[in-house]
Amino acid sequence: MKYFRFDSGFDELPYLLYADQSGRIIEHPYLRMAGLSGKMPVIPDDLLPMPEYSKLFFLPDCPPLGIDPENGELEVVTEMEDGDGKTGPCFAVAAFPEPGFVRTLLPAAIYDRKNYTLPMWAYTAVGYRDGKYWIAAFRVEDNPKWDPRNYDDKLLLPSIKSFTKIHRGPLTRHLVQCATVNHCFAAKNLFLRRWEAPIPVSRKCNASCLGCLSLQPHDSCEASHSRIGFRPSADEIVSIAVEHLERAPEAMVSFGQGCEGEPLTEDGLIAESIRKIRLRTAMGSINLNTNGGYTDRLRTVIKSGLDSVRISLNSARPELYCAYYRPRGYGFSNVVDSIKAAVDAGIFTMINYLVFPGITDQPEEVEALKGLIVRTGIDFVHLKNLCIDPELYLRSMAVAEEKGIGMAALADLLKNEFPRLEIGYFNKRLSGRA
Ligand code: SF4
């Protein structure tokens with residue numbers, strides 16, 4: 001993939017984008033794009049053409065910041081010509097990169113003038129030049145199984161029809177909603193009978209993450225997924241999972257989804273289901289995505305036959321972890337114990353590291369992450385963009401403003417210092433499985 005590299009005059013940088021009040025996106029006549037690393041304005045140096053399946057957003061009431069190419073000064077742009085040629089308020093523009101790309105900079109904007117919470121997306125700096133949008137991101141994993149080009153809905157509806165001739169229970173109906181309304185790729189895989197499929201089970205959680213996708217307080221934004229509202233039966237889980245594991249190529253089923261709470265609040269149901277699945281088939285892998293707060297429950301589920309686990313955390317620093325997860329009845333040390341318990345049990349252990357430019361790449365965080373990797377022996381680190389309003393996250397993280405080493409530099413450092421560690425973006429199916 002061709003990268004844009006900024007290494008001389010500001011004239012080379014892509015142009016600032018702004019939106020008018022009706023959301024029309026317009027290229028600024030002369031100001032250039034900037035980015036933010038945390039709260040710090042930064043001149044973007046590595047950019048890539050926006051991947052085709054990315055999205056563009058505008059951020060109402062957030063004036064953009066642009067760089068004057070004459071003198072390199074940063075300007076706040078509050079008014080511009082709109083799409084009809086009239087002068088009016090203008091707003092910052094952001095990109096949401098396709099899956100597999102890690103953002104390196106936030107959109108440069110003034111966020112504290114708005115009086116609402118932005119919906120949970122990974123807002124990324126974007127500019128325009130030579131007929132292309134350019135975004136501040138790098139590709140960390142190129143995986144055809146999660147490529148949006150492989151999710152053609154023309155195939156989906158007939159697949160749902162044939163699937164629902166056999167499976168008619170409430171979990172199936174919930175997953176039809178996930179596939180057709182929320183456009184969850186994992187749910188689509190279930191009906192397309194391939195790869196990783198989801199098994200959501202839990203209505204409750206032991207945390208209150210600032211960026212929870214399935215539950216937000218009334219004074220925040222709308223949650224992007226509706227949380228499952230019932231407890232599926234073990235029989236339905238087993239029947240869906242066994243068929244998927246036996247029929248789908250490179251099959252995996254995962255407990256712990258965006259449309260549920262913490263799956264280990266239903267540890268008994270999961271353990272019973274896994275035992276019954278494994279009595280009927282040895283094929284495919286069974287994975288659990290969890291916040292890792294319940295170490296003993298995780299051990300029980302591992303003993304029932306779990307193959308891999310992915311434990312989520314936004315930071316390897318306990319105070320930042322607690323400020324984001326707001327855990328109830330557990331703490332960061334329990335999460336570390338869970339990672340260690342999984343590694344010790346010999347199952348494939350991943351962390352879902354929710355990354356944010358300017359916080360994740362701070363030297364103190366990098367040291368804390370390295371310590372966690374050494375202490376636990378994790379197999380795989382997902383560098384997953386944290387989807388959240390940048391202003392809400394920065395306000396909630398009590399950290400000194402410290403220049404980050406850069407998100408791409410963080411990925412390089414992990415590759416160099418931990419050659420056995422895998423770095424990626426998607427759950428990995430165990431290759432030893434049929
Ligand atoms: S752990 Fe998951 S379900 Fe629980 S609050 Fe956090 S994001 Fe939501």
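## A pocket to start with

Let's begin with the second largest pocket, which has 21 residues in its lining; Asp45, Thr104, Leu105, Gly406 and Met407 are the ones nearest its centre. Keep in mind that this is a predicted model. The space in that pocket comes to about 350 Å³.

Which elements build the lining? Strand E5 (40-42), strand E17 (137-139) and helix H11 (407-417) each put in at least two residues. H11 is the top contributor to the lining of this pocket, with 3 residues. Sorted by class, the lining holds 13 nonpolar, 4 polar and 4 charged residues.

## A small sheet that shares E5

Strand E5 turns up again in an open sheet of 3 strands, ordered E5-E4-E14 and paired antiparallel. The edges of this sheet are E5 and strand E14 (106-107), each of which pairs on one side only.

Look at how E14 meets its neighbour: strand E4 (residues 35-37) and E14 run antiparallel and are joined by 2 bridges. If you want a spot to find this in the structure, go to Gly35, which stands opposite Pro107 in E14.

## Strand E20, covered from end to end

Now for strand E20 (residues 285-290). Is this strand buried or exposed? It is mostly covered, with 6 of its 6 residues buried. In a regular strand, side chains alternate between the two faces of the sheet. In E20, Ser285, Asn287 and Asn289 point one way, while Ile286, Leu288 and Thr290 point the other way, and all of them are buried.

## The neighbours of E20

E20 has a parallel partner in strand E19 (residues 252-255), and 4 bridges link the two. One place to see this is Val253, whose bridge partner in E20 is Ile286. To get from E19 to E20, the chain passes through helix H5 (residues 267-280), and this β-α-β crossover is right-handed.

E20 also pairs with strand E21 (residues 308-313), again in the parallel sense and over 4 bridges. Here Asn287 has Ser308 as its bridge partner in E21. The route from E20 to E21 goes through helix H6 (residues 295-303), and this β-α-β crossover is right-handed as well.

## Around the ligand

Which residues surround the ligand? They are Cys205, Ala207, Ser208, Cys209, Cys212, Arg227, Glu260, Gly261 and Asn291. By class, this shell has 4 nonpolar, 3 polar and 2 charged residues.

## Two residues with a positive phi

Two loop residues are worth a look for their backbone angles. Asp61 isn't a glycine, yet it has a positive phi of about 65 degrees. You'll find Asp61 in the loop between strand E7 (55-59) and strand E8 (65-67). Why does Asp61 count as partly exposed? Because its relative accessibility is 37%, and partly exposed covers the range between under 20% for buried and over 50% for exposed.

The other one is Glu250, also not a glycine, with a positive phi of about 45 degrees. Glu250 sits in the loop between helix H4 (234-247) and E19. With a relative accessible area of 44%, Glu250 is partly exposed.

Terms used. Residues numbered from 1 in each chain as written. Predicted model: local features only at pLDDT ≥ 70, side-chain atom pairs only at ≥ 80, totals over all residues. Heavy atoms only, no water. Buried < 20%, exposed > 50% of the residue type's maximum accessible area, 1.4 Å probe, protein only. Pairing = 2+ DSSP bridges. Right-handed = clockwise from strand over helix to strand, strands pointing away. Near = heavy atom within 4 Å. Nonpolar A, V, L, I, M, F, W, Y, C, P; charged D, E, K, R; others polar. 1 Å grid on protein atoms, 1.4 Å probe; cavity = no way out; pocket = protein on both sides within 12 Å on 5 of 7 lines; lining within 4 Å. Points joined across faces, edges and corners; volume = space filled by probe spheres on them.
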